[in-house]
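I opened the model and kept a running notebook. The entries below follow the order in which I looked things up.

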Amino acid sequence: MTARRGPVLACSVVGAAVVALDGTVLTIAQPALQRDLHADIGQVQWTSTGYLVAVASLLVFAGRLGDRYGHRRVFALGALGFAAASTGIALAPGIGAVIALRVLQGICGALLQPATLGMLRTAYPPDRLGTPIAVRTAAIGLAAAAGPLVGGALVSAYGWRAVFLLGVPPTLAIGLLALTTRDRAVPPPDLPPRPSAPTGRLSALDPAGALLLAAALGLLVHGLVGTARPGGAPAGLLAIAGAVLAGLALARHERRAERPLLPPELLRSVPVLAGLAVLLAASTALFGALFVATYFLQDVQGLDPLGSALRTLPLAALMVLGAPLCPPLQRRFGPRRTATAGAALLTLGVFLLSRLDATAGPAPVAASAALLGAGFVTLMVTATSVVVHRAPEAHAGVAGGLQQTVMNVGPALGVAVATLLLALVPDGGFVPARGAALPALVLIAALALPAALALPRDGGRRTRPEPPTARSDGPACVRS
């Protein structure tokens, strides 16, 4: 297993970074794309919404595919598909083709993202997962920070199509690397054969559950994104209501399914659920706060995009520099205390941001950004490690899919909450100290504290063997 850790880590890190970079450079490219393709603002917004809905609705099912057929194979398919879709977008003749290819890119991104964690879970011992996850998190932070700068330079020099070609070489390279990395088949420990679940049986993947979950998550993300748009609240709330109904139907189906998409042993795990709750609260608070801060810096203080990015640069710097420090802290103090400290830092950062007035200088903004970065990276590394570590290896892909789903829903929820609350105070909402958005986001950030207290006290260096019932998807698959 040691010989393949290098390629696995490279695929995981590069894959996660490319997806993060793609999201940030698209924002920079959208105005130029709109002008060049003569599109309206609604069509341009669907280049983001179509991707988000596709990726969020399929992440868990993609993780299940990885658990059954091998994370390496699913990752390779997603990476190569992502590269092909990116190339197609760069060559697209019109906005309709761009939207369709962005949806395809989202489908491929859904295949790719859970596998970046599933491959780590099967390549590294559980007590050594912290370091590769920290490297992966640092790469995401670096890509997110570099995205606006790289995207701006490419759009200025070569046009919007160049930003989509940016991710083609790395995704093509890691897709081919994943294909050429050989695995050895590892039989499940002491598992008798299941004659009722032959290889290739479609019901083992729970397609009905996958369809209901895709509908629930797709409607939820679409509703949250729609609610955040001017005048989109009624349609957005209707979509959210549809998501609730689909979720209730999913819960009823999963209780009756022979092999449910969401394994009961995973959903009954307190550490896994607590880790997901930490990530949801933290990502909601962070991205909602950044949304408000962007309008504050640009509309109230009159800074240009580069100037506002420089004010918040400590956030990205702390994410990149702080990620390698998280595994030693977790080993020394345990996940519970480490995550509790991270939640306190994040909450304090949002609180200080909420106290800024129109005359705030660069120092308080930078201090708030630094606290946000330090708190969020601590929570992200620690909670992700717990979710991946505590999930049975047979369900590593589903656990990775749930983690990625939370990290997609949280930002959409944060922006939707901030948008609705900004509208409540139209005259002063963009000034944090006079608005309602950031005080509410402080409360959401504080919800990470009780969730962090539910994480394990120790680092889990002594791991219990997985129960024989952990594998619910039939025959053994190739570890990847």
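**Entry 1: confidence**

I began with the weak stretches of this predicted model. Over residues 184-200 the pLDDT stays under 50, and the model has 23 contacts beyond four places in sequence for them. Residues 461-480 also stay under 50, here with 59 such contacts. I do not read those contacts closely, because predicted coordinates should not be read in detail where pLDDT is low.

Next I took the whole chain. The average pLDDT is 84, and 89% of the residues score at least 70. Then I ranked the elements. Helix α12 (residues 305-311) has the lowest mean pLDDT, 78. Helix α18 (residues 448-453) has the highest, 95.

**Entry 2: the chain as a whole**

What does the chain contain, helices or strands? I count 18 helices and 0 strands. Of the 480 residues, 55% are buried. The exposed surface comes to about 19,600 Å², and carbon and sulfur atoms supply 69% of it.

I also checked how far along the chain the contacts reach. Among those between residues at least 6 apart in sequence, 86% join residues at least 24 apart.

**Entry 3: two helices by length**

I checked α11 first. This helix covers residues 270-300, 31 residues in total. At 1.5 Å a residue it should span 45 Å, and its end C-alpha atoms are 44 Å apart, so the two values agree. Gly302 follows α11 and has a positive phi, near 75°.

Then α15, residues 362-390. It has 29 residues and reaches 42 Å from first C-alpha to last, close to the expected 42 Å. How many of its residues are buried? I find 22 of the 29, so α15 is largely enclosed by the rest of the structure.

**Entry 4: Thr384 in α15**

I stayed on α15 and picked Thr384, which is found in this helix. Its relative accessible area is 2%, so I log Thr384 as buried. Its side chain reaches the backbone oxygen of Met380 at 2.6 Å. Leaving out residues up to four places away in sequence, Thr384 touches Leu117, Ile133, Leu279, Leu379 and Gln403.

**Entry 5: Thr116 in α4**

I looked up a second threonine. Thr116 is placed in helix α4, residues 95-123. Its relative accessible area is 1%, which counts as buried. What does its side chain reach on the backbone? A polar atom of the Thr116 side chain lies 2.6 Å from the backbone oxygen of Gln113.

Beyond four places in sequence, Thr116 touches Ser12, Ala16, Phe75 and Arg136. I also took one long-range distance. Thr116 and Gly397 are 281 residues apart along the chain, with their C-alpha atoms separated by 9.0 Å.

**Entry 6: Asn408 in α16**

Gln113 came up again when I turned to helix α16, residues 396-424, where Asn408 sits. Is Asn408 buried or exposed? Its relative accessibility is 15%, under the 20% cut-off, so Asn408 counts as buried. Not counting neighbours within four places, Asn408 is in contact with Leu52, Val55, Ala56, Leu59 and Gln113.

**Entry 7: Leu315 against α15**

Leu315 is in helix α13, residues 313-322. It is buried, with a relative accessible area of 10%. How far apart are Leu315 and Gly373 in space? Their C-alpha atoms are 4.1 Å apart, against 58 residues of sequence.

I then listed what Leu315 touches, again skipping residues up to four places away. The list holds Leu286, Leu290, Ala369, Ala370, Leu372 and Gly373.

**Entry 8: a loop residue**

I wanted one residue outside the helices. His38 lies in the loop between α1 (5-37) and α2 (41-69). Its phi is positive, near 55°, and His38 is not a glycine. At 72% relative accessibility, His38 counts as exposed.

**Entry 9: cysteines**

How many disulfides does the chain have? The count is 0. I looked at two cysteines anyway. Cys108 is buried at 7% relative accessibility. Cys326 is also buried, at 2%.

Technical notes
Residues are numbered from 1 along each chain as its sequence is written. This is a predicted model: local features need pLDDT of at least 70, side-chain atom pairs count only at pLDDT 80 or more; totals for chains, interfaces and linings use all residues. Side-chain values use heavy atoms; hydrogens and water are left out. Helices (H or I, at least four residues) and strands (E, at least two) are DSSP runs, numbered from the N terminus. The expected span of a helix is 1.5 Å times one less than its number of residues. Buried means under 20% relative accessible area, exposed over 50%, partly exposed in between (1.4 Å probe, protein chains only). Contact means heavy atoms within 4.5 Å. Accessible areas come from the Shrake-Rupley method with a 1.4 Å probe; for residues, only the protein chains shown count as cover. pLDDT is the predictor's confidence in each residue, from 0 to 100. A disulfide is a pair of cysteine sulfur atoms within 2.5 Å. A polar contact is a pair of N or O atoms within 3.5 Å; within protein, one must be able to donate a hydrogen and the other to accept it, and residues adjacent in sequence count only if both atoms are side-chain atoms.
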